[in-house]
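Please open the structure in the viewer and keep the selection tool at hand. This tour proposes one selection after another and states what is to be found at each stop.

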Amino acid sequence: MTTSVPPVNGQVIGLAHYASRAALERVLARSGTTFEQSVALRAVSDHGGTAEAARVTGRLTGALKIEESAARRTVEELTARGLLVEPAPGQVSLTDGGRELFASIRAAGDAIAARVYAGIPAEDLAAAGRVLALVTERAEAELAGA
């Protein structure tokens with residue numbers, strides 16, 4: 001008996017996303033960190049450890065499709081936990097604790113990804129990446145037009 005492979009659609013993409021995210025969220029739970037907080041830490045880290053707060057909240061609202069108030073609350077939570085500080089008005093920086101936490105989250109995420117993507121040919125991953133980038137672009141256009 002062979003199992004048929006479903007065509008790529010929103011359900012297949014969603015199932016892959018939620019399964020991967022659930023694996024990461026198990027890691028995040030150990031440090032009391034939410035998925036949204038991990039995305040915010042990544043946004044600050046990606047800008048060298050200091051970023052405009054508006055850029056971080058913009059990344060959260062754009063990537064996660066959450067309300068701006070929820071994005072600001074996420075940044076406030078990280079500040080209250082001592083993982084971010086405000087070195088100047090409108091800026092946030094990772095603290096040493098924030099850097100350490102994000103480094104551990106990144107390492108765990110990389111290890112999960114290595115296991116999940118192991119053995120998948122590079123050309124298949126490249127094709128999937130192209131298709132998903134196009135789907136994302138088109139879905140963003142739908143949202144912009146709504």
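**The whole chain**

The protein chain contains six helices and three strands; helices (H or I, at least four residues) and strands (E, at least two) are DSSP runs, numbered from the N terminus. Starting at the N terminus, the order of the elements is α-α-β-α-α-β-β-α-α. This is a predicted model, in which local features need pLDDT of at least 70 and side-chain atom pairs count only at pLDDT 80 or more, while totals for chains, interfaces and linings use all residues. Residues are numbered from 1 along each chain as its sequence is written, and side-chain values use heavy atoms, with hydrogens and water left out.

Display the C-alpha trace of the protein chain: along its principal axes the trace spans about 60 × 40 × 25 Å. Of the 146 residues of the protein chain, 25% count as buried. Buried means under 20% relative accessible area, exposed over 50%, and partly exposed in between (1.4 Å probe, protein chains only).

**The sheet**

Select the three strands next. They form an open sheet in the order β1-β3-β2, with antiparallel pairing. The edges are held by β1 (50–52) and β2 (84–85), each with a single partner strand, so one side of each has no neighbour in the sheet. Two strands pair if DSSP finds at least two bridges between them. For β1 and β3, the antiparallel pairing runs over three bridges. Zoom in on Glu52, which stands opposite Gln91 in β3. Strands of a sheet pair through backbone hydrogen bonds, either parallel or antiparallel.

**Ser93**

Remain in strand β3 and select Ser93. Is Ser93 buried or exposed? Ser93 is buried, as its relative accessible area is 9%. The side chains of Ser93 and Thr50 are joined by a polar contact of 2.6 Å. A polar contact is a pair of N or O atoms within 3.5 Å; within protein, one must be able to donate a hydrogen and the other to accept it, and residues adjacent in sequence count only if both atoms are side-chain atoms. Neighbours within four places in sequence set aside, Ser93 is in contact (heavy atoms within 4.5 Å) with residues including Val44, Gly49, Thr50 and Pro87.

**Thr95**

Move on to Thr95, in the loop between β3 (91–94) and α5 (96–117). With a relative accessible area of 16%, Thr95 is buried. Which backbone atom lies 2.7 Å from a polar atom of the side chain of Thr95? The backbone oxygen of Gly82 lies at that distance. A polar atom of the Thr95 side chain also lies 3.0 Å from the backbone nitrogen of Gly98. Leaving aside neighbours within four places in sequence, the contacts of Thr95 are Gly82, Leu83, Leu84 and Val85.

**Thr33**

The last selection is Thr33, found in the loop between α1 (10–30) and α2 (35–46). Thr33 counts as buried, at 6% relative accessibility. Which side chains make a polar contact with the side chain of Thr33? The side chain of Ser31 does so at 2.8 Å, and the side chain of Arg81 at 3.3 Å. Now add Ile105 to the selection: Thr33 and Ile105 are 72 residues apart in sequence and 9.5 Å apart in space, C-alpha to C-alpha. Not counting residues up to four places away in sequence, Thr33 touches Leu28, Ser38, Arg81, Leu101 and Ile105.
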